[in-house]
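This report describes one protein chain, beginning with a single charged residue and ending with the chain as a whole.

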Amino acid sequence: MATQLKNLSDFSTAGEIPSAKGYSFGIVVAEWNAEITNALYQGAYNSLIKYGAKPKNIHSYPVPGSFELTTGAELLLKTGKFDAVICLGCVIQGETRHFDFICDAVANGVTNVALKYSKPVIFGVLTTDNQQQAIDRAGGKHGNKGDEAAVTAIKMAKLAETLSSK
């Protein structure tokens, strides 16, 4: 496993992280698996603040589950108020194929919303085999995927701004 010994929130080799100052971020958070998604949200929020985002420019919106993240992201982008949207969720493998359908739908949905609006929509959804793997990636031994999602949002908002000013 590639992440077995790696802290996913170690950005020491990720290149320069631009300032988040001046950008507005929407965070859509699934309520399902709330213990995990709340930890992902805290990681994302704290990283946005760490890199210069103002609290007034970070807006969070709950949705029932990971499947609804794409609709939430689309509703946020329709407002025209956000430079990037972060989708945070957690789908844990169960006994049925439900896991496969949800993971596939959310990944494709996030991509489609980003392309439709030409705005960064970040896939911060854990797709794990069990609860422990989710805990390990939501502030545990593998860091916090929320941190990673926030850094990705900042970098992509900066890229969009850079390309639009040329």
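In this predicted model, Asp-136 is buried (under 20% relative accessible area, 1.4 Å probe, protein chains only) but forms no salt bridge, a term that requires a side-chain nitrogen of Lys or Arg within 4 Å of a carboxyl oxygen of Asp or Glu. Lys-141, the nearest side chain of opposite charge, is 4.1 Å away. Asp-136 belongs to helix α4, residues 131-136. Leaving aside residues up to four places away in sequence, Asp-136 touches Lys-141, His-142 and Gly-143, where contact means heavy atoms within 4.5 Å.

The chain comprises 5 helices and 6 strands, defined as DSSP runs (H or I, at least four residues; E, at least two). Their order from the N terminus is β-α-β-α-β-α-β-α-β-β-α.

| Property of the chain | Value |
|---|---|
| Span of the C-alpha trace along principal axes | about 50 × 35 × 25 Å |
| Exposed area (Shrake-Rupley, 1.4 Å probe) | about 8,800 Å² |
| Share of that area from carbon and sulfur atoms | 53% |
| Residues counted as buried | 46% of 166 |

The radius of gyration over C-alpha atoms is 15 Å, which agrees with the value near 15 Å for a compact globule of 166 residues, the rule being 2.2 Å times the number of residues to the power 0.38. Among contacts with a separation of 6 or more, 79% join residues 24 or more positions apart.

Residues are numbered from 1 along each chain as its sequence is written. Local features need pLDDT of at least 70, and side-chain atom pairs count only at pLDDT 80 or more, while totals for chains, interfaces and linings use all residues; side-chain values use heavy atoms, without hydrogens and water.

Note on methods. Buried < 20%, exposed > 50% of the residue type's maximum accessible area, 1.4 Å probe, protein only. Lys, Arg positive; Asp, Glu negative; His and termini not counted.
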